[in-house]
Amino acid sequence: MDQALSFVPSSSENAVAPDGCPAQRPTRAEAEAAVRTLLEYVGEDPSREGLVDTPKRYVQAFEEFFAGYGQDPEDVLLRTFDEVAGYDDIVMLRGVRLESHCEHHIVPILGVAHVAYLPTRRVVGISKLARVVEIFSKRLQTQEKLTAQITDAIERVLQPRGIAVMISAEHSCMTTRGIHKPGVACVTTRFTGAFRDDPRMEDRFLRLCAEGG
Ligand SMILES: [Zn+2]
């Protein structure tokens, strides 16, 4: 099997790019050739010692950055447990490190995600919420889409009484190029159920986010 295809989506419907993949994917050799073209485009010599393995490394880095296309976030959430002794209040994962890439410039989006839900009868292992953030992050993204996808995946699988997601992130496309504004965070939120309908619940979530610094 071609190594470049090793992280291709599985048969699961959710493990594909939201906007669909081209039917015929290029080989790894073709991907590396494309990187050499980019190097030449900026005036470099891809055959010099320091760059000779760069196309290979760059394509490998791409496979790592975009490994989320081959993974199904809803699969991750399927394993739940019900031994919660009647616990029905906020379950929150605060300050999940977020590393994604903007789909307009293919440069990093770096920040944190706060994810909370109100369980009904069953809960999911808390590390699974972090995995959902990670899987969607390892795709080309906008922060708005990422926020919605995380919320919607939790909604579909767990159907909790409410979900609250906040992402605060710096976009390298505006900190290191374009408008050049470092230190500016983009903040997005999405609330469902009790977090949307009850201002006190929304307020509790926002306070918990703030306590995390
Ligand atoms: Zn961008």
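Which residue follows H5, and what is the sign of its phi? Gln159 does, with a positive phi near 45 degrees. This is a predicted model, where local features need pLDDT of at least 70 and side-chain atom pairs count only at pLDDT 80 or more, while totals for chains, interfaces and linings use all residues. Residues are numbered from 1 along each chain as its sequence is written.

**View 1. The open sheet of 5 strands.** Its order is S5-S2-S3-S6-S7, with mixed pairing. Strands (E, at least two residues) and helices (H or I, at least four) are DSSP runs, numbered from the N terminus, and two strands pair if DSSP finds at least two bridges between them. Strands S5 (140-141) and S7 (186-192) each have a single partner strand, so one side of each lacks a neighbour in the sheet.

**View 2. Strands S3 and S6.** S3 (residues 108-118) and S6 (residues 162-171) run antiparallel, joined by 10 bridges. Look for His114, which stands opposite Met166 in S6.

**View 3. Helix H5, residues 143-158.** Its 16 residues should span 22 Å at 1.5 Å a residue, and the end C-alpha atoms, 23 Å apart, agree with that; the expected span is 1.5 Å times one less than the number of residues. Among its buried residues (20 or more other C-beta atoms within 10 Å of their own, C-beta atoms being placed from the backbone) are Leu146, Ile150 and Ile154.

**View 4. Helix H4 and its cover.** Buried residues of H4 include Leu129, Val133 and Phe136. Covering the buried residues are, among others, helix H3 (73-77), strand S2 (91-102) and H5.

Key: Buried ≥ 20, exposed ≤ 12 C-beta atoms within 10 Å, placed from the backbone. Contact = placed C-beta atoms within 7 Å.
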